[in-house]
Structure formats: structure tokens, C-alpha cells
Amino acid sequence: MLIGIDLGTTNSAVAIWRDGVAQLVPNALGEMLTPSAVHIGRDGAVSIGAAALDRLASDPGNTATSFKRLMGTQRTTTLGGRAYGAEDLSALVLRSLRDDVAAFAGEAPTEAVITVPAYFNDRQRKATRRAGELAGLTVRRLINEPTAAALAFGLQDKGDREPFLVFDLGGGTFDVSIVEMFSGIVEVRASAGDNRLGGDDFNAVLAALAQPRADPTGVLASLPADRREAVLMRAAEKARRGLTLAPEARFAFTLGEQTYGTTITETEFEQAAEDLLRRLRDPVVRSLRDCGMDPAELSEIVLVGGGTRMPVVRRAITRMFGRFPNSTVHPDHAVALGAAVQAGLLARDAALDEVRITDVCPFTLGIDVAERDAYGRVQQGLFSPIIDRNTPVPVSRVRRYHTMSDNQKQIEMGVYQGEARLVADNIRLGEVSIPVPARPAGEVSVEVRFSYDSSGLLEVDIAVPDTGLTRNLVIVDEEDRPDPREIARRREALARLKFHPREDAENVALMARAGRMYEDHIGPARAVIGHWITEFAGALETQDPRHITDARQALIARLEEIDGQTIL
Amino acid sequence: MSVWQILGLTPGSDAGAIRRAYADRLKAMDVDADPEGFAHLRQARDAALRMAKQAPVEAAQPTPEIPAPEVPSVWPLAGVRILCAGQGDLRAALPEAQGPCAPVSPCRAAPVGEAPVLTLAWPFTPPTLALDEPVRPVQRPETRLYALLLGPGTQDAEPFSAEEEGEAHACLQSVLNTAANGSLAQHDAIEQWVADVFARSWPRCAPLLEEAAVVLGWHHGAGRLGESPQVAFLNARLAGYQFQRDVLLPSHPHHAAWMELTRDGEAGLLRRLTFRPRRITALLAHIRQNFPELENCLSYGRVQSWLKPEGKGWRFNWYIPAAIFALRFLASIWQPEEAPKTYTPEAVFSASPQFTAKMQQVVTATFGPGHTVDWLETHQRELAQTIASNLSIHANGVHADRSEEEIVANILRTRGYFAARLAGGAELDQAMRQRLAVLDALGQDTVACDAFLRKGDVPPGLRLSDATRAAAQRLAAAQVEEGRLIPPASFGPTNATVPGSIVARVAAETDLDRERLAAAMQNKGTPADRCAVARALIRATLGWKGKEHQAILLTL
């Protein structure tokens with residue numbers, strides 16, 4: 001069975017295509033969104049999702065969030081005394097989503113379509129595939145998040161649509177795509193984005209703004225760095241969500257027996273976030289320029305992703321385009337639903353028989369060359385593009401190059417992906433070399449053909465017309481796949497962790513939530529919460545299901561009285 | 001094929017019909033198997049849509065007269081008169097003046113020309129003035145900025161005075177605010193205007209550059225492919241400006257060298273011994289590569305004293321080089337001039353006897369006895385050069401597992417096959433017979449067979465019968481005489497209908513059931529099946545005399 005997964009920086013979701021429609025799958029707590037957070041205790045007990053997020057307050061050293069930002073890098077996080085890479089943590093989240101589908105649909109899925117930001121480079125995409133494999137899912141296709149959102153938006157009423165722009169501001173990444181739909185063809189005209197711009201950056205800005213005011217004496221400096229980060233980010237997240245609903249919000253955190261806080265107004269936040277709002281402009285301008293469109297020609301601006309709920313972002317968008325954006329599609333669900341549509345297409349469901357998707361390649365692909373400048377000096381390491389960004393995929397382009405020195409024996413070229421003029425700032429995908437006959441410089445030419453197909457496979461063909469010799473290099477997305485033993489070893493390491501059985505998920509989450517609220521409050525309120533926690537723990541030990549259910553309902557009611565919202 | 005033919009429409013169809021035709025064709029094709037076809041279809045659709053957009057506009061009614069926003073071709077350098085309450089016709093454009101109107105200090109009376117034109121110059125919108133401000137600006141900020149940077153009197157590129165700098169900062173701030181709060185098109189236009197003005201007025205605009213770069217995001221796009229030349233220029237100058245500022249901090253790695261080189265006077269011997277010259281050379285290399293204009297800030301004498309540390313005593317040493325040159329000149333008159341060393345290509349005209357002998361041997365082996373290198377050159381020069389190039393590579397040690405004859409034979413086989421395809425008729429039959437001989441010689445080796453069918457690669461050490469080789473030699477010689485052995489060009493997929501009796505013969509020879517046979521014929525089965533079917537089909541068709549003979553052979 002094919003499922004569609006939205007693996008986001010802050011929240012993840014999974015959906016399946018059933019009975020001709022895409023449906024979201026609820027998790028063990030009954031929610032559609034599972035926070036991308038993992039907590040691993042010293043004893044190896046793993047919590048994933050809302051429970052882990054709540055443990056961020058009590059045990060931040062062993063909790064990891066926003067690890068999507070580390071995908072494609074080799075950085076590890078230490079949880080419960082051991083080091084885990086971003087792929088392992090994503091695999092744990094994917095695994096819990098897979099179990100949710102198994103409980104919902106009755107059979108465990110084996111194949112998945114996972115979404116990645118359109119601007120994810122080659123390494124990050126490979127890392128996402130590996131995470132899927134570690135979770136026991138074959139990744140059939142990686143689909144871009146804005147394309148998925150466009151699918152979910154556009155197939156609502158199955159009509160034709162003039163080009164519209166999808167504005168996807170998630171927890172960690174920002175993507176822009178311009179999509180057009182007609183007669184069941186979904187055509188992506190251009191894609192652009194910023195991998196380092198998301199809700200987390202707005203949190204950082206808010207924390208930087210509020211920290212000197214809330215904590216003038218510098219109590220936070222006495223904490224270890226990760227604990228301080230966790231405290232500030234939680235407070236900033238709450239304050240930012242508060243600013244979505246009201247023009248003022250409280251930025252507050254509790255340390256020991258003391259609460260520190262300050263009030264932030266919306267205008268202050270907007271001023272502090274000015275640089276981030278400015279950065280929202282660049283990908284939009286780039287994508288419009290690449291497909292040669294005027295902003296007035298767009299029919300809609302579709303908002304996707306939790307970050308677009310912020311009033312400052314909405315105002316910036318309205319100013320940019322001179323009109324109000326379209327928020328008819330649910331910003332958190334659209335991407336997962338779109339991934340389910342793509343899963344249905346791959347499974348060749350009859351209802352989707354008339355739908356086709358054509359995408360574009362978001363990065364420029366080329367080789368490194370050397371040039372002679374006007375003074376006769378040789379400049380090396382320049383990037384010569386062969387496939388420009390935002391050309392429709394599949395695409396095949398040829399360019400001719402010449403030798404640089406006399407009697408050159410062979411030509412070696414590296415294949416690069418990126419936008420910078422010097423190859424040192426781009427990403428190297430591979431290299432290929434070909435022998436050439438001995439001639440004076442510039443007389444031997446070589447033809448380089450790049451062929452990029454819709455599944456992300458880049459094939460490089462070099463031919464030397466003088467000799468008729470050709471060389472071929474295929475750069476697959478999983479080219480440097482570690483050998484199967486390595487994958488099996490990592491999977492075993494993950495399987496050795498202790499997972500709570502599914503029935504206990506609600507209780508675990510509730511305990512974590514109560515623990516967080518204990519940390520958040522002080523004085524008599526804290527004592528009372530502590531008392532309730534002890535009661536509930538006693539009820540759990542009796543192991544009587546009805547008793548446990550009653551105790552759970554009672555505790556939930558009491559907690560909601562004090563503090564109405566979860567972190568979600 | 002024209003655009004309309006690819007889409008299958010009558011020329012002049014409207015956009016909706018074009019899109020539907022594109023959609024139908026896209027759904028009917030397999031995009032991954034035929035990327036060239038997809039690219040053609042997409043380009044055809046874009047071209048058709050462009051044509052459809054232009055044509056109806058001319059045919060439709062003339063658009064109503066909307067006055068476009070006036071972009072003055074000459075920037076209003078003439079300036080405006082200083083306004084006070086009750087003066088001029090510009091009162092209508094500004095809100096009610098309250099009390100005596102104080103101009104911006106200091107009072108800059110720009111030269112009064114003809115009546116000022118206060119048009120709504122796109123993309124600059126009129127600033128909204130707060131009524132409680134004590135000071136009212138008398139010039140539009142962008143006009144004032146332009147005058148400060150590029151106006152009359154700035155040709156000598158002097159830096160700003162303090163008050164000018166303050167004014168320029170204020171004007172720039174207001175311009176950037178308009179950009180930040182405006183729509184995308186406005187922001188774009190303002191960014192281009194600022195880049196253009198700054199690029200033209202450098203170095204006078206140096207103090208303003210950093211602020212503008214930060215706000216407009218130029219440092220994000222530094223070194224990118226889509227950078228405009230003005231922004232690239234300004235980014236480079238900004239980098240130099242920042243380096244000049246940063247290097248004055250003691251913690252900068254080049255700080256010591258910079259302080260040393262900006263001192264006056266020359267570096268004495270003691271100095272040069274105690275101060276590591278590596279730092280000096282590192283700094284100079286860094287500056288010369290990245291910010292050449294900064295070298296003017298260093299004191300020239302001191303730099304020279306570091307680079308050329310000879311003292312006064314060396315001044316008389318020009319005698320020695322002069323003497324050496326004189327001796328060489330005399331020697332060259334005495335000895336005969338050596339021929340200038342020209343490049344000798346190891347090509348067909350090479351003097352090396354082994355190479356010529358090798359070449360001759362290869363030509364004889366390939367075309368039969370009696371054919372020489374000169375014969376080949378007369379008829380097909382380019383083929384001779386290709387053979388020579390391949391031989392020279394082989395001499396360098398590439399493809400050492402094959403002999404030269406094999407390499408050349410492979411090249412000729414591919415070219416002969418393509419030439420025969422173009423010729424058709426009896427020649428096509430001969431070429432196909434040779435192909436069949438190769439396939440038979442490959443026998444059961446499916447990998448090699450598949451490679452041969454797809455790319456024409458033959459494994460080393462393949463033995464063909466003498467009769468086949470003689471026939472191949474004759475065919476190749478005939479093709480060369482007519483000059484038809486050109487480099488192979490690719491051809492698209494072809495198909496043909498195969499009559500039932502041929503199918504029966506193929507089935508009898510290969511022993512496959514109907515399904516696998518059909519799949520292999522459509523290029524979809526396993527490689528082993530495809531090989532066997534290809535062989536049997538060639539054999540069967542060569543004996544067939546019907547009208548599909550040529551069509552079937554062309555698909556193999």
C-alpha cells in the first residue's frame with residue numbers, strides 16, 4: 001500500500017488515497033498532525049510526537065526538535081547517552097506514522113511518497129530517502145512540497161486554473177512555486193526557495209527581542225546552553241502563536257520558583273523581523289522572473305504552512321502582490337493530502353487516470369570550466385551551466401567545450417548543482433573524464449550532454465567527435481547508498497529502543513503534558529499539579545483499564561481548566 | 001515540423017485549443033522514454049501561445065486611451081523652487097502649509113530652470129507628509145539623491161561633506177522605505193535605479209553603499225548567476241570597502257601587514273629582517289586578486305622597498321644583462337638560425353615512420369589490399385583524421401585490450417551501417433548480412449549482444465569468417481569511394497508491420513511463445529529474448545521478397 005507522508009520541520013502528517021479521495025490518518029492521540037519531536041530517555045524509552053514535545057520542558061537535553069534542518073549534514077544529536085543523526089530521528093517519526101496507518105487501515109504500508117522542500121539539494125534528498133529506508137518504507141518518489149500543496153488545492157474542484165503561486169512557509173523552510181492546471185495537467189512553471197527561513201527563525205528573532213527585557217539580571221546565562229535554548233524557544237513559540245490571535249502576547253518562562261516575563265506587541269515584532277520579511281521577497285522574484293511572468297498575471301496566492309498564519313507575514317504578502325492571498329486550503333494538511341494524491345497516481349488509481357504532473361528542476365546543473373580572461377590569465381573553477389534552473393523536466397541539453405592546453409591527454413570535469421558563479425560554492429555531484437587525441441589547444445572539442453529525468457536521475461554523456469569516443473556517468477539519487485549491512489545495523493540500533501505499546505500512547509502523552517505544566521507553573525499551582533500527577537500514576541499502576549480511563553478523563557479536565565492549550 | 005503541425009491544430013487557434021491539444025498529446029506519450037519529444041512539444045506549445053497572444057490583440061478593438069505613468073527621459077535636475085506658503089502652482093500637490101514654511105537646512109537653492117514638472121514618476125510614489133512635522137522637504141528624495149551623486153559639480157568624484165552625507169543618508173532611507181513597502185514591481189524598479197545610480201557615481205556613493213546593500217539584499221545574491229553587472233560591480237566595491245574598514249581592527253589577520261605597508265618612507269634592512277615577509281606577500285596577493293583598487297591606499301615607496309629590496313648598489317648592474325644579450329646576439333649571428341619550434345601534430349602528416357607504417361597497415365586491413373592512406377585521404381579526409389586520432393590515443397595506452405584494427409573496424413562498422421541505412425536497397429541487405437554475422441559470432445552472450453544492438457559495441461577478440469571480412473572490406477571501400485562514410489547521426493524510433501509468415505519463421509527459430517515474441521518485437525522483453533528475436537528476424541527478412549523488406553530491416 002502506498003501512503004503519502006509530509007515530513008515537516010515542526011509537524012508531520014500522513015494521508016492515504018482511498019475511495020477516490022485523499023484522507024488524513026489520525027495518530028494514536030486522535031490528532032492529524034504529529035509533531036516532529038523525539039525524546040529518548042536514559043533507559044532507552046522513546047517518545048515521539050506530542051509526548052516528546054512536552055518533555056522538551058522537563059528534559060531538554062534528551063529531546064530533539066527541528067532535526068529536518070540537519071538533514072544532509074553529518075551532525076548528530078545526543079539523546080539518552082547515544083548519538084543519532086538527523087536520518088535516524090526522521091526514521092523514528094516515519095516509523096510512528098507507519099504504525100498509525102497500520103492501525104487505521106488494517107495493513108502495514110510498505111511503500112511511501114515523501115515530500116521534501118522544492119529547494120532541497122541532492123544530499124538532503126538522499127538523506128530523506130535513507131530515512132525512509134531505515135523506517136522500513138520503500139520511497140517510491142520524492143515530491144516537492146509546493147507541488148503537493150498545488151495538487152491538493154487544484155484538484156478540489158477539478159477545473160482549469162490560471163497560473164497561481166504557492167507560498168509555503170513552514171517551520172524551517174520556505175518554498176515558492178508557480179503552478180498552472182488545465183485539462184488535468186498539473187504544470188509547475190517555476191520553483192524557488194530558501195532552506196534557512198521558517199517559523200523557527202521568527203522564534204529566534206522574537207527570543208532575541210524579548211530576552212533582555214524578560215531577564216535583565218541574566219539568570220538564563222547560568223543554565224547549560226541546550227537548556228537555555230529550549231526554554232527560550234518554547235517561550236518564543238508560545239508568544240508567536242499568541243501574536244497570531246491578539247495584537248499583544250506574553251513572552252514568559254519559569255525557572256525554579258520564579259517566572260520571568262514581558263509583553264511583546266505586534267509592531268515591535270514586525271520591526272524586529274524586518275530582515276526575515278525582506279528575505280521572503282527574493283524567491284518570489286526569482287521564480288516570477290524565471291518563468292517570465294508579471295505578478296499581476298497570477299490568479300491566486302495560495303498560503304500553505306503554519307508560518308503563513310502570522311499576521312506580519314500576511315501583511316507582507318499583501319503588500320508584495322497588492323491583493324489578498326487565498327487561504328481556502330488548510331495550511332497544515334495540504335501537503336500531506338497532495339502527497340496522497342501523488343501516491344494514488346503512482347498506484348494508477350482509476351479516478352486519477354486523467355491527471356499528469358510535469359515538474360521543473362529547481363537548481364542549475366553544469367560543469368566546472370576554466371576561462372582565459374582579457375589579460376591572458378587563466379581563471380579556474382568557474383561554473384558553466386548546462387541545464388538552467390526551472391526548465392521543465394525531463395530535459396536534455398548539449399554544450400560544446402574545448403581543450404585548454406597543447407597535447408592535452410584527457411579532459412576531466414566535475415558535475416555541479418547550484419547557482420553560484422564559482423564551483424566552490426556549489427554542490428559537487430560527481431565527476432567524469434575522457435581521453436582526447438593530442439592536438440594544439442582549442443582544436444579538440446568535446447560535447448557534454450546532460451539528461452535529467454522526472455525521478456531526479458541525472459545522466460551525463462560526453463562525446464569527443466574527433467575520435468567517436470563516448471563516456472557515460474549516471475548520478476542516481478541514492479548513488480552513495482551505504483552498503484546494506486550498514487543500513488541493517490542502523491535499523492537494528494533503532495529497533496533496540498523501547499517503544500511504548502500503542503494503547504499506552506495516550507497515557508504517556510498525558511503524563512508528559514502534566515510534567516510540562518508542572519514545570520511551567522510555580523507556587524501552590526505547581527504543588528496541586530504535582531498531587532494530580534501522583535494520583536494518575538497510582539491509577540496507572542492498578543492496571544485496570546476502566547479505572548485508568550476515568551482517571552485520564554479527570555486529569556485532562558483539570559489540566560484544561562488551568563491551561564487551555566497544548567503546544568499544538 | 002512547424003509548431004502547429006506538432007500540436008495538430010490549424011494555425012491561428014486560440015489559447016484554449018492549444019492547451020487542450022498539448023494536454024491530449026502529453027497524456028498520450030511517455031515523457032521519460034522520449035525527452036526530446038516532450039521538449040519539442042513544450043516549446044511548440046509555448047511558441048503557439050505566444051503567437052496566439054499577439055494576433056488577437058491587433059485584431060481586437062483599439063484599447064482605450066489610458067495615459068501611462070510618465071517616466072521623464074531627463075531626470076528633473078533642474079530642481080524645484082523653494083516653496084513657502086502661497087507660492088507657485090505646486091501648492092495643490094502639497095498639503096496646506098501651516099505657518100511659514102521652513103526649507104530643509106541648509107537651504108539648498110538649486111538652480112532655477114523652467115517650471116518644475118512634478119509628475120508621478122514611476123516607481124516613486126509621493127511621500128505622505130505628516131502635518132505636524134516642523135520641516136517640510138522641498139525636493140523629492142530620489143531627485144535630491146540623484147543630484148547629490150550625479151548632479152552638476154560632481155564630476156571630480158570628491159567625497160561628500162558631512163552635511164551632504166547626512167542628507168544623502170536621509171534621502172536613501174526614504175527611497176528604501178518606499179521599496180520595502182511597495183509591491184514587487186516597484187521594489188524591482190527601485191532596486192535597478194539605485195544600482196544604476198550607485199554604479200555610475202562610485203566612489204562618491206561609498207558611505208551609502210553598505211546600507212543599500214543590506215536593505216536590498218545584494219550580499220545574498222553575490223556571486224550568483226543571475227546577478228546584474230551593476231550589482232556585481234557594487235558588491236565587489238563593497239567587499240573592498242568593508243575589507244578596508246575591517247583590516248584596521250587589530251584582530252584581523254592582515255592587520256599587521258596593512259599597518260606596515262601604510263607607513264610612510266621605505267622599509268629599512270632591519271625592518272625587513274624582523275618582520276616576516278610572508279605576511280606582506282599574503283596581503284598583497286589578497287588585495288591584488290580581490291580588491292585591486294585598494295592598492296592605491298598603500299604607500300607606493302614602501303611596497304616597492306619590500307618587493308625590490310635591493311639597495312643603491314645594484315644600480316650599476318645593468319651592465320651584466322646588457323653584456324649577456326650582446327653575447328647572445330653575436331652567437332646567433334655566428335650560428336645558423338634554428339628553425340622556430342612549431343607544433344608537430346601526430347596526425348596524418350606526421351613524420352614519424354612507425355606511425356605512418358601503422359596507419360598503412362590498418363588501412364590495408366580494413367579496406368583490403370591495394371588501398372593506401374592517400375587514397376583514403378583523397379576520398380574522405382575526415383575519416384582519415386578520425387582514424388589517426390584513435391591511433392594516437394591507442395598509442396597513449398587507452399583501450400590497450402583491443403588491437404588497432406579492431407578499434408578501426410568497429411568505427412567503420414557503425415558508420416557503414418548508418419550509410420547503408422541511408423542508401424537502402426542492396427547495400428542495406430549487405431550491411432544487414434554483416435550485422436547478422438556479428439550476431440551469430442556473439443552466440444549466446446546476451447550482454448554483449450544487447451550492447452551491440454543498442455550501441456554498436458563489440459567485445460574485444462571477436463572472430464569473423466574471412467568471407468564476411470572480405471565482403472565488409474568491399475562494402476567499406478565502395479562507400480568511401482562515394483564519400484558516404486560520414487559520422488553517424490541518430491535517428492528516431494521506427495516501426496514496421498511484420499507479415500505473418502516472417503513471424504512464423506521467427507517463432508520456429510527462436511522457440512518463444514506468442515506473448516514473449518510480441519513483447520520482444522516491441523522492444524519490451526528481456527535482453528536475451530530481444531537478441532534472439534533480432535537475429536531470427538534479420539535472417540528471415542533477408543530471405544523475404546515482399547514489400548515490407550526494407551521497412552523491417554530499417555527497424556533493426
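These are my notebook entries on a predicted model with a chain A and a chain B.

**Entry 1: chain B as a whole**

I began with the secondary structure of chain B and found 24 helices and 0 strands. I then looked up burial: of its 556 residues, 35% count as buried. Next I took the contacts in chain B between residues at least 6 apart in sequence, and 64% of these join residues at least 24 apart.

**Entry 2: where the chains meet**

How many residues does each chain give to the contact? I noted 38 residues from chain B and 48 residues from chain A. The size of an interface is often given as the accessible area lost when the parts come together, so I looked that up as well. Chain B and chain A bury about 3800 Å² between them, and carbon and sulfur atoms carry 54% of that area.

I went on to the pairs across the interface. The rule finds 14 residue pairs in polar contact between chain B and chain A, with both residues at pLDDT 80 or more. For salt bridges across this interface the count is 6. I wrote down one salt bridge in full: the side chains of A:E187 and B:R42 meet at 3.4 Å, N to O.

Which helices of chain B each supply at least two residues of the side that touches chain A? My list reads α2 (15-28), α3 (35-59), α5 (162-181), α6 (184-201), α7 (206-216) and α16 (381-395). Sorted by class, this side of chain B has 16 nonpolar, 13 polar and 9 charged residues.

**Entry 3: nonpolar cores**

In soluble globular proteins, nonpolar side chains tend to be buried together. I therefore looked for cores; the largest nonpolar core has 49 residues. Within this core, A:F167, A:F251 and A:V313 touch the most other members.

I followed A:F251 further, leaving aside its neighbours within four places in sequence. Its contacts include A:A207, A:A210, A:Q211 and A:A214, and also A:L232, A:Y260 and A:I264. Another core, of 37 residues, lies apart from the largest one, and A:V116, A:F120, A:L137 and A:L494 are among its members.

**Entry 4: one glutamate**

Last, I looked up B:E427, which is in helix α18 (residues 425-442) of chain B. Is this residue buried or exposed? B:E427 counts as buried because its relative accessible area is 17%, and the cut-off for buried is under 20%. Not counting residues up to four places away in sequence, B:E427 touches B:A419, B:A420, B:L475, B:Q479 and B:R484.

Notes: Residues numbered from 1 in each chain as written. Chains lettered and ligands numbered in written order. Predicted model: local features only at pLDDT ≥ 70, side-chain atom pairs only at ≥ 80, totals over all residues. Heavy atoms only, no water. Contact = heavy atoms within 4.5 Å. Buried area = accessible area lost by both parts, 1.4 Å probe. Salt bridge = Lys/Arg side-chain N within 4 Å of Asp/Glu carboxyl O. Polar contact = N/O pair within 3.5 Å; in protein donor to acceptor, adjacent residues only side chain to side chain. Helix = DSSP H or I, 4+ residues; strand = E, 2+ residues; numbered from the N terminus. Nonpolar A, V, L, I, M, F, W, Y, C, P; charged D, E, K, R; others polar. Core = buried A, V, L, I, M, F, W, Y, C linked by side-chain atoms within 4.5 Å. Buried < 20%, exposed > 50% of the residue type's maximum accessible area, 1.4 Å probe, protein only.
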